[in-house]
Structures are given as C-alpha cells and as structure tokens.
Amino acid sequence: TGDALRFGWYGFGLCLASIMFYHNILQIRENSEGEEGAFVGDSDFRKLSLLLILTWIPFPLWFSLSIEGFGVIKDTLIIEMGWVILNIVSKFTFIIWM
C-alpha cells in the first residue's frame, strides 16, 4: 500500500502541474486578448509564461527518477545536485529574462 499511495500522490501532483501549465497557456491568450497563444506571439508575457512552463516540467520528471519516485537514480548526491541544478536554472533564467 505504501507504493500505491506514493504513486497516487505523484499522479495527483502531476495532474495539478498539468492544470497549472494549461492555465498558464490560457493566461497568454487572455493577456493578449486572443492575439497570442502558446505557439504564436512575441510579447514578454508570453515568453516568461513559456519559460516558466519549460523550466518547471523537469521537476516532476526528476522526482519520478529519484528514490522517492521510481527509484531509477539511487545515489543521493546525484539526486540532490539534480534538485540544485533544476532550481538554479528555473529561477535564474526567469530572473535574467526579466
């Protein structure tokens, strides 16, 4: 039951992340009054929204590879360094882009 519960929570978190990404794409359309979308447009708002989506997608994937997820990667140093790299890339690319 422990693994089933863990994967259930992982699936729940993945669904929430997907809903968030979907609403980020909707925000692009709403902010531009329908002129821009996920694949069309050149505004800073669109670029930052897509940057947010692209830099946050690896987080649930990395979690699934770690010990807490499917256990593909078992070395805790690699797991922790992966979290560090993901956080630095996601936060600093957003800061630099602004």
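# Four helices and an aromatic cluster

User: In this predicted model, how far apart are the mean positions of the positive and negative charges of the chain?

Analyst: The model is predicted. The chain carries 6 positive and 10 negative charges. Their mean positions are apart by 5 Å.

User: How many helices and strands are there, and in what order do the elements run?

Analyst: The chain has 0 strands and 4 helices. Read from the N terminus, the order is α-α-α-α.

User: What is the radius of gyration of the chain, set against a compact globule of 98 residues?

Analyst: The C-alpha atoms fill a box of roughly 45 × 30 × 15 Å along the principal axes. A compact globule of 98 residues would come near 13 Å. The chain has a radius of gyration of 16 Å.

User: What share of the residues is buried, and what share of the exposed area comes from carbon and sulfur atoms?

Analyst: Of the 98 residues, 30% are buried. The chain exposes about 6,900 Å². The share of that area from carbon and sulfur atoms is 72%.

User: What share of the contacts with a separation of 6 or more joins residues 24 or more positions apart?

Analyst: Contact here means heavy atoms within 4.5 Å. Among contacts with a separation of 6 or more, the share from residues 24 or more positions apart is 47%.

User: How many aromatic pairs are there, and is the pair of Phe 7 and Phe 70 stacked or edge-to-face?

Analyst: The count is 5 aromatic pairs. For Phe 7 and Phe 70, the ring centres are 5.1 Å apart. Planes under 30 degrees apart count as stacked. Theirs are at 20°, so the pair is stacked.

User: Which parts of the chain does the pair of Phe 7 and Phe 70 tie together?

Analyst: Phe 7 lies in helix H1, residues 2-31. Phe 70 lies in the loop between helix H3 (58-65) and helix H4 (76-97). The pair therefore ties H1 to the H3-H4 loop, parts that are 63 residues apart in sequence.

User: Which of the classes buried, partly exposed and exposed fits Phe 7, and which fits Phe 70?

Analyst: Exposed means over 50% relative accessible area, and buried means under 20%. Phe 7 has 33%, so Phe 7 is partly exposed. Phe 70 has 52%, so Phe 70 is exposed.

User: What kind of aromatic pair do Tyr 10 and Phe 70 form?

Analyst: The ring centres of Tyr 10 and Phe 70 are 6.2 Å apart, with 75° between the planes. Planes over 60 degrees apart count as edge-to-face. The pair is edge-to-face.

User: Is Tyr 10 buried or exposed, and which residues form the aromatic cluster?

Analyst: The relative accessibility of Tyr 10 is 16%, so Tyr 10 is buried. One aromatic cluster is formed by Phe 7, Tyr 10, Phe 63 and Phe 70.

User: Which residues of H3 are buried, and which helices are among their cover?

Analyst: Phe 59, Pro 60, Trp 62 and Ser 64 are buried in H3. The cover of the buried residues includes H1, H2 and H4.

User: Which residues does Asn 24 contact beyond its neighbours within four places in sequence?

Analyst: Asn 24 is in helix H1. Its relative accessibility is 11%, so Asn 24 counts as buried. Beyond those neighbours, Asn 24 contacts Ser 49, Leu 52 and Ile 53.

User: What is phi of Glu 33, and where does Glu 33 lie?

Analyst: Most residues other than glycine have a negative phi. Glu 33 has a positive value. Glu 33 lies in the loop between H1 and helix H2 (44-56). Its phi is near 55°.

Terms used. Residues numbered from 1 in each chain as written. Predicted model: local features only at pLDDT ≥ 70, side-chain atom pairs only at ≥ 80, totals over all residues. Heavy atoms only, no water. Helix = DSSP H or I, 4+ residues; strand = E, 2+ residues; numbered from the N terminus. Rg over C-alpha atoms; globule rule 2.2 N^0.38 Å. Buried < 20%, exposed > 50% of the residue type's maximum accessible area, 1.4 Å probe, protein only. Areas by Shrake-Rupley, 256 points an atom, 1.4 Å probe, with all protein chains shown as cover. Lys, Arg positive; Asp, Glu negative; His and termini not counted. Charge placed at Lys NZ, Arg CZ, Asp CG, Glu CD. Phe/Tyr/Trp six-rings, centres within 6.5 Å; stacked < 30°, edge-to-face > 60°.
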